[in-house]
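Me: I'm new to looking at protein models, and I'd like a close look at one part of this one. Could you walk me through it in a friendly way?

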Amino acid sequence: MNKVYNNKAWFLILPMLLLVAFSAIIPLMTVVNYSVQDVFDANTRFFTGTEWFETMLNNPTLQAALLRQFAFSFTILAIQIPLGIGIALLMPKRGWQASAVLILITLPLLIPWNVVGSIWQLFTRGDIGLMGVGIRELGYAYNITRNPADAWATIILMDVWHWTPLIALLCYSGLRSIPDAYYQAARIDRASKWAVFRYIQLPKLTNVLVIGILLRFMHSFMIYAEPFVLTGGGPGSSTTFLSQSLTTMAIGQQDLGPSAAFSLIYFLIILLVSWVFYTAIMNMQKDNTNQGGA
Amino acid sequence: MSWMVWTVPTAIFFSTIGAMLAGMTVWEVVSPSIERKGFLPISTTRGDRLFIGLLSAAYIHLAVVGFTDISIWFALAASILWLLVLMRWG
Amino acid sequence: MTRSVPTTPDTVRRQAAESAAKRRKLARGTATRWRRRTLLGLYLVFVMLPIYWLLNLSFQTNTEILGNFSFWPQNFTIANYTRIFTDSNWYMGYVNSLAYVLMNMLISISVALPAAYAFSRFKFIGDKHLFFWLLTNLMAPPAVFLLPYFQLYYSVGLFDTHIAVALAHCLFNIPLAIWILEGFMSSVPKEVDETAYIDGYSFPRFFVTIFIPMIRSGIGVTLFFLFMFSWVELLLSRTLTATNAQPIASIMTRTSTASGIDWGTLAAAGVLTILPGIVVVYFVRNHIAKGFALGRT
């Protein structure tokens with residue numbers, strides 16, 4: 001769309017800007033202030049300079065949490081993206097079945113995150129859970145409070161359950177926007193199913209998939225409530241991710257300075273990743289419009 | 001405001017950022033920026049280059065503070081230099 | 001193609017080949033259709049099973065849950081639900097959650113609508129960077145903002161009120177709303193605006209009486225997303241409230257007491273948190289697919 005250059009548009013932005021600035025910029029400034037001081041209360045505080053950043057960057061617990069976080073994020077992306085595409089291809093296109101399937105698939109997304117944790121706790125417990133009891137009946141001593149591998153597998157399964165619908169729905173909407181004429185043309189050319197997927201469906205999906213990957217990556221980086229309820233970060237600290245380490249430090253131990261420094265490092269990682277994705281999306285749209293114009 | 005626990009260095013930091021944004025806005029009004037391609041792999045506007053510069057400056061500082069014993073002032077000098085290079089040729 | 005009586009041997013052969021191909025395709029179609037249905041069915045079972053288990057446990061007493069493993073309630077009871085609906089501590093949790101979610105939806109949509117219009121129709125200084133900054137807020141981990149929020153809302157005297165949580169959730173909900181709405185608005189041709197202005201509409205009148213009705217479905221989907229993300233959030237809502245505005249999510253932690261966890265009540269409370277979502281998703285079911293692509297497909 002050809003947009004008009006008009007700086008009066010700022011007046012339309014202004015109310016939103018004030019609100020978001022109130023809840024984003026003021027707290028961010030405070031975090032920066034915390035990060036260079038040892039704060040006991042508003043009157044008792046000492047300037048520490050970059051000390052907290054140095055400690056945090058060299059803190060083995062946090063480094064481990066960061067590594068775990070990346071491992072977790074990439075694992076779930078590797079599972080959810082193909083699975084989501086597959087489900088989107090399977091979903092009925094019209095009729096009451098389409099609505100019913102849509103509603104059922106959306107359900108996990110609408111459950112409060114700690115309830116998701118509770119559901120999976122109830123589902124996987126060795127004494128009362130369907131899955132827990134089921135796996136034990138099969139002869140495997142499944143125990144998420146003792147065995148880190150079980151805990152990991154369960155958390156990944158839970159996340160797949162919780163968030164694959166998002167990818168599936170994104171892809172479904174991408175597929176729905178392909179005109180029928182494309183499929184007809186493919187039929188006339190006797191294109192194989194794979195060719196239809198590769199040359200008609202996948203290109204249409206890339207746009208939504210980038211959004212999906214971006215959202216999933218960001219949300220998996222913030223994951224807190226689900227593992228907190230399900231495993232409490234355990235056994236040991238095998239399922240403690242970044243958000244939980246941070247929350248424990250900030251709320252549990254009241255270490256304002258270190259946790260603020262850690263928050264900023266965390267935020268910088270997020271900022272870099274989201275900038276890369278955003279630039280990718282924008283360049284893709286630019287390419288699309290260029291092709292459309294040509 | 002006291003709960004925000006301001007310090008002089010952070011106040012200077014935020015004023016600098018604020019001044020930069022204000023300066024960029026004025027510059028943009030006086031002579032609008034044109035997107036161009038320099039040594040960076042993507043074509044950028046002035047604002048994009050400033051953002052890339054600031055973000056990489058943050059990472060330079062973190063690397064210096066966290067993993068070396070070099071004074072933070074060297075990191076600052078390096079960042080400013082990098083920012084200038086980026087603004088001119090990026 | 002019209003099906004006429006074949007006249008030459010060549011046409012006879014061709015028509016025979018065509019009908020054979022059609023038959024084969026039909027047969028193959030049925031087989032694939034069933035395979036697709038089975039696979040999709042398996043996935044749906046995977047989705048529904050944990051929820052079914054929650055439902056199952058919510059209709060059992062604690063003794064039955066712990067004493068005797070069964071696939072459906074043997075002694076069907078609604079005692080868990082009665083407990084929640086008769087104890088004001090419990091049901092006020094739902095009221096509190098709904099209150100701040102609705103407030104947030106109202107605030108977010110009313111400031112996001114004009115902002116999204118600006119982004120979809122105009123170029124202005126810093127537009128791209130502003131948009132990116134908004135998206136970073138969408139991605140900012142709430143854990144980062146936890147402490148300053150607590151201090152901020154405490155110092156302005158809003159701690160433990162619904163509006164505090166509603167405002168805090170604006171951090172990610174306003175950017176989200178703008179992102180989705182911008183996509184929907186960009187698909188409305190600009191000629192609509194221009195014609196309206198030529199017809200003598202003022203901007204506010206055009207916006208309210210013509211433009212907003214045109215993107216109805218977009219607004220519906222946006223509201224759905226606002227509801228979703230505010231309803232499911234735990235960290236901020238728990239930190240910013242104590243007793244008066246406590247959300248259901250943090251009240252649920254009360255089910256674990258010294259004498260063990262009250263599984264039945266936990267399950268019943270969980271079931272009740274799913275219901276509002278079902279109601280909301282039912283209303284937007286026809287637009288949800290487009291909405292998930294944030295209006296841009």
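How many residue pairs are in polar contact between chain B and chain C, counting pairs with both residues at pLDDT 80 or more?

Reply: Happy to help! Keep in mind that this is a predicted model. Between chain B and chain C there is one residue pair in polar contact, with both residues at pLDDT 80 or more. Two salt bridges are also counted between these chains. In one of them, Glu35(B) pairs with Lys128(C), and their closest N and O atoms are 3.7 Å apart.

Now let's see what chain B brings to this meeting place. Helix 1 (8–30) and helix 2 (46–67) of chain B each give at least two residues to the side that touches chain C. By type, the residues on that side of chain B divide into three nonpolar, three polar and three charged. Counting both partners, nine residues of chain B and eight residues of chain C take part in the contact.

What about the area involved? The size of an interface is often given as the accessible area that is lost when the parts come together. Here, about 650 Å² is buried between chain B and chain C, and carbon and sulfur atoms give 73% of that area. On the chain B side, the residues that lose the most area to chain C are Trp3(B), Asp48(B) and Phe51(B), which together make up 64% of what that side buries.

So, when you turn the model on your screen, try finding Glu35(B) and Lys128(C) for the salt bridge, then Trp3(B), Asp48(B) and Phe51(B) for the buried area.

Conventions:
Residues are numbered from 1 along each chain as its sequence is written. Chains are lettered from A and ligands numbered from 1 in the order in which they are written. This is a predicted model: local features need pLDDT of at least 70, side-chain atom pairs count only at pLDDT 80 or more; totals for chains, interfaces and linings use all residues. Side-chain values use heavy atoms; hydrogens and water are left out. Contact means heavy atoms within 4.5 Å. Buried area is the accessible area (1.4 Å probe) that two parts lose on being put together, summed over both. A salt bridge is a side-chain nitrogen of Lys or Arg within 4 Å of a carboxyl oxygen of Asp or Glu. A polar contact is a pair of N or O atoms within 3.5 Å; within protein, one must be able to donate a hydrogen and the other to accept it, and residues adjacent in sequence count only if both atoms are side-chain atoms. Helices (H or I, at least four residues) and strands (E, at least two) are DSSP runs, numbered from the N terminus. Ala, Val, Leu, Ile, Met, Phe, Trp, Tyr, Cys and Pro count as nonpolar, Asp, Glu, Lys and Arg as charged, and the others, Gly among them, as polar.
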